[in-house]
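Okay, thanks for coming, everyone. I have one structure to walk you through today, so let me put it on the screen.

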Amino acid sequence: MRRTELVRVAALLLSGDHARAEDVVQMALTRLYLAWPKVRLDTLDAYVRRCVVNAAIDDRRSVFRRREQAQAQVPDVATIEPHYADHATLVALLATLPARMRAAVVLRYVEGLSVTETAKALRCTEGTVKSQSARGLERLRAIFPEHAHELV
């Protein structure tokens, strides 16, 4: 996978926060570097994707992130070219889901992975992926019926 794609996935997992997405991808790539001797090249994309998902979940759990952070200046935001009609709406919709459910929905429907690939990336069963993604879409459609046509 290319770094830009990883940042886009991380931003969706982190409710659109591109600065944190950059940090999460950097953390994932560092973990990849440290584990490089153990990584099989035929599963490299899946391994990197799993690193990003783990790093995003770890970031959300971090005590440091839960504290308020004051900044003197607004940080520069990386420009990511969304290929969705309304990227802000997509991010807002996904932000309403719990982290694991959001990960299943993003990997299945935004990244277009199969159920098997998503299960490997999330280290869960295929049944869990199916139920989490179905429940996620159902929840999104129930909360935001006006955006139901935008959801898969």
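I'll start with the whole chain and then go through a few places in it.

First thing to keep in mind: what you're looking at is a predicted model. The protein has eight helices and zero strands, so if you read the elements from the N terminus on, you just get α eight times over, α-α-α-α-α-α-α-α. There are 152 residues, and 39% of them count as buried. For the surface people: about 9,100 Å² is exposed, with carbon and sulfur atoms supplying 53% of that. And take the contacts between residues at least 6 apart in sequence: 62% of them join residues at least 24 apart.

Now let's go to the C-terminal part of the numbering, and to helix H8, residues 126–143. Two helices I want to show you pack against H8, and we describe a pair like that by the angle between the axes and the distance between the axes.

Take H6, residues 99–110. How do the axes of H6 and H8 cross? They come within 8 Å and cross at roughly 95°, which makes H6 roughly perpendicular to H8. On the H6 side of that contact you have Arg100, Met101, Ala104, Val105, Arg108 and Tyr109. On the H8 side, look for Val129, Gln132, Ser133, Arg135, Gly136, Leu137 and Arg139. By type, that contact divides into six nonpolar, three polar and four charged residues.

While we're on H6, which of its residues are buried? Those are Met101, Arg102, Ala103, Ala104, Val105, Val106, Leu107 and Val110. Notice that there's an arginine on that list, Arg102. Past the end of H6 comes Gly112, with a positive phi near 75°.

Next is H7, residues 115–122. H7 packs on H8 at an angle of about 100°, with the axes 8 Å apart, so H7 is roughly perpendicular to H8 too. Here Val115, Thr116, Thr118 and Ala119 from H7 meet Glu126, Val129 and Lys130 from H8. The split for this contact is three nonpolar, two polar and two charged. You may recognise Val129: it touches H7, and it also turned up in the contact with H6.

Between H7 and H8 there's a loop, and Arg123 is in it. Most residues other than glycine have a negative phi. Arg123 isn't a glycine, yet its phi is positive, about 55°. Is Arg123 buried or exposed? It counts as exposed because its relative accessibility is 63%, and the cut-off for exposed is over 50%.

Quick word on cysteines. How many disulfides does the model have? The count comes to zero. Cys51 is buried, at 8% relative accessible area, whereas Cys124 counts as partly exposed, at 23%.

Last stop, back toward the N terminus: Leu29, which sits in helix H2, residues 18–35. Leu29 counts as partly exposed because its relative accessibility is 27%. Leaving out residues up to four places away in sequence, what does Leu29 touch? Arg3 and Leu6. Leu29 and Arg3 are 26 residues apart in sequence, and their C-alpha atoms are 9.1 Å apart in space.

That's the tour; questions are welcome.

Conventions
Residues numbered from 1 in each chain as written. Predicted model: local features only at pLDDT ≥ 70, side-chain atom pairs only at ≥ 80, totals over all residues. Heavy atoms only, no water. Helix = DSSP H or I, 4+ residues; strand = E, 2+ residues; numbered from the N terminus. Buried < 20%, exposed > 50% of the residue type's maximum accessible area, 1.4 Å probe, protein only. Contact = heavy atoms within 4.5 Å. Areas by Shrake-Rupley, 256 points an atom, 1.4 Å probe, with all protein chains shown as cover. Axes fitted to C-alpha atoms, helices over the stretch in contact; angles between N-to-C directions. Parallel < 35°, antiparallel > 145°, perpendicular 65-115°, else oblique. Nonpolar A, V, L, I, M, F, W, Y, C, P; charged D, E, K, R; others polar. Disulfide = S-S within 2.5 Å.
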